[in-house]
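The exercises below ask for careful reading of a structure, and each is followed by a solution that proceeds step by step. Please attempt every task before reading on.

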Amino acid sequence: MSAVMITRKVRKWEKLPGKNTFCCDGRVMMARQKGVFYLTLFLIVGTCSLFFAFECPYLAVHLSPSVPVFAIVLFFFVISMLLRTSFSDPGVLPRALPEEATFIEMEIEAANGNVPAGQRAPPRIRNVQINNQIVKLKYCYTCKIFRPPRASHCSICDNCVDRFDHHCPWVGNCVGKRNYRYFYMFTLSLSLLTIYIFTFDIVHVVMRSVDKGFLNTLKETPGTVLEVLVCFFTLWSVVGLTGFHTYLISLNQTTNEDIKGSWSGKNRVQNPYSHKNCFKNCFEVLCGPTFPSVLDRRGLMQEDSSFSAASASLPPSRSNPVSQTTKTTAPFIRNEHTPDEAKRSIAAPEEKSSSPREEKSSSPREEKGSSPREEKSSSPREEKGSSPREEKSSSPREEKSSSPREETPKVPPLASPEPDAEVSVTKGPAH
């Protein structure tokens, strides 16, 4: 069996490590835990649908037609920012290749030297200078790389993310360098949409209560009550989250840095990325250049696969042959005491099983063997030979000799020049 190597081209996203999921041929990238994302989408679409069904028709007639128009525009902007945040690459850093990882390990061992047994190895850290400030680069044991500044490893997605902010289950993705601005615009627009719907729900109830009363209005518009409850409990969390990220953007910090206290000033370390101006910081975060993805998810790579040539050449039905039991018996050898009728019954299946090559091999000598001379040999002298002495010779000893070993073989006998031998035997007594 020989192995056959086949090289085929695959997309790089099919072989990327980590716990991300990809859709649409690698164009969509998300985390594996997407249940909360579907809940977010359901709450937004459901609340807005109730608003468009119950409040917008009444407010467009009695207040202004611009109310539903602005709500539709704001709704589509929120959905677009949510999908852009959830489906984009947050800034995942590629892992080191085996050759690169080996080279980095050799560099670390050369720098640290031989560590005595029982002692802990020194931390793998490199120092770089940014705006006259020393920043430490930590080594990632999973990705086998020294992480860039402000990067961190996400335990949920199992990838290093550049300028890692946090992993947000509500959007179903990490928030990092490449999608942070879309995440902030999503929270900001969602806050505006929540306030907008909550405000006009109250206006709708007040305008209807003037004519029909408050209780009758609640009975006629049950969707309004549900919208008010959803918006009331959502408003505080969404608006509070937007305010917190507005504070971080003004300082040019990330959520990860704020939680760890990296630039809190306790160690007399200041933020080297801040411009000391909130407007410049906001402009850099929200209006800065868009960085390309370093993963190249839809790029092509070659994959070698091997399989046995025998399994490829055989059809599927023959790849697993059914075991067949073969019956083997010992050949039956004719002798002098074999009756002529038994010889003919044995020779009949031999002629049927013989191939055309065996038919050609039957020489004229065998045809001559069945001559009148052989017929003469079956003379009365032979008949006399079958005397009572021979009958006696067929004693119980011979019956015992016909053991199951002689009865079991039923394979046709081998071709042998026995007719000539019989002629010579019968010819002797004639002289």
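**Exercise 1. Locate the partners of the salt bridge between E105 and R124, and state what the pair ties together.**

Step one is the distance: in this predicted model, E105 and R124 form a salt bridge in which the closest N and O atoms are 3.0 Å apart. Step two is the placement: E105 belongs to helix α3, whereas R124 is found in the loop between α3 and β4 (125–130), so the pair ties together parts that are 19 residues apart in sequence.

**Exercise 2. Characterise the salt bridge of R126 and E107 by its distance, and then by the accessibility of R126 and of E107.**

The side chains of R126 and E107 meet at 2.9 Å, N to O. The pair links distant parts of the chain, with R126 in strand β4 and E107 in helix α3, 19 residues apart. For the accessibility, the limits to apply are under 20% for buried and over 50% for exposed, with partly exposed in between. R126 has a relative accessibility of 36% and therefore counts as partly exposed, and E107, at 33%, counts as partly exposed as well.

**Exercise 3. Determine how D89 and R178 are paired, and decide for D89 whether it is buried or exposed.**

A search of the whole structure finds nine salt bridges, and one formed by D89 with R178 has its closest N and O atoms 4.0 Å apart. This pair links distant parts of the chain, since D89 lies in the loop between α2 and α3 (98–112) and R178 in the loop between β10 (173–175) and α4, 89 residues apart. D89 has a relative accessible area of 1% and is therefore buried, while R178, with 21%, is partly exposed.

**Exercise 4. Describe helix α1 by its span, its kink and its buried residues.**

Begin with the span: helix α1 (residues 35–62) has 28 residues and reaches 40 Å from its first C-alpha to its last, which is close to the 40 Å expected at 1.5 Å a residue. Next comes the axis, where a kink of about 50° lies at E55, shortly before the proline P57. The buried residues of α1 include F37, I44, F51, E55 and Y58. Finally, the buried residues of α1 pack against β3 (28–31), α2 (66–87), α4 (180–212) and α6. One residue of this helix calls for a further remark: R208 lies over the face of Y58, at 4.5 Å from the ring centre. In a comparable arrangement elsewhere, the charged end of R150 sits over the ring of Y273, 4.2 Å from its centre.

**Exercise 5. Classify the aromatic pairs F75–F76 and F232–F233, and give the accessibility of their members.**

How many aromatic pairs are found in the whole structure? The search finds 13. F75 and F76 form one of them, with 5.4 Å centre to centre and 65° between the planes, and this pair is edge-to-face. F75 is buried, with a relative accessible area of 12%, but F76 is exposed, with 52%. F232 and F233 likewise form an edge-to-face pair, at 5.4 Å centre to centre and with 80° between the planes. F232 lies in helix α6 (residues 222–251) and counts as partly exposed at 39% relative accessibility, whereas F233 is exposed, with a relative accessible area of 63%. F232 can also be related to F198, 34 residues apart from it along the chain, as their C-alpha atoms are separated by 7.4 Å. To complete the account of F75 and F76, ring pairs link both of them with F51, F52, F70, Y196 and F200 into a cluster.

**Exercise 6. State where N256 is placed, whether it is buried or exposed, and which residues it touches.**

N256 is placed in helix α7 (residues 255–260). Its relative accessibility is 18%, so N256 counts as buried. Leaving aside residues up to four places away in sequence, N256 touches S152, F164 and D165.

How values were computed. Residues are numbered from 1 along each chain as its sequence is written. This is a predicted model: local features need pLDDT of at least 70, side-chain atom pairs count only at pLDDT 80 or more; totals for chains, interfaces and linings use all residues. Side-chain values use heavy atoms; hydrogens and water are left out. Helices (H or I, at least four residues) and strands (E, at least two) are DSSP runs, numbered from the N terminus. Buried means under 20% relative accessible area, exposed over 50%, partly exposed in between (1.4 Å probe, protein chains only). Contact means heavy atoms within 4.5 Å. Rings of Phe, Tyr and Trp (its six-membered ring) pair if their centres lie within 6.5 Å; planes under 30 degrees apart count as stacked, over 60 as edge-to-face and the rest as tilted. A charge sits over a ring if NZ of Lys or CZ of Arg is within 6 Å of the ring centre and within 35 degrees of the ring normal. The expected span of a helix is 1.5 Å times one less than its number of residues. The bend at a residue is the angle between axes fitted to the seven residues ending there and the seven starting there.
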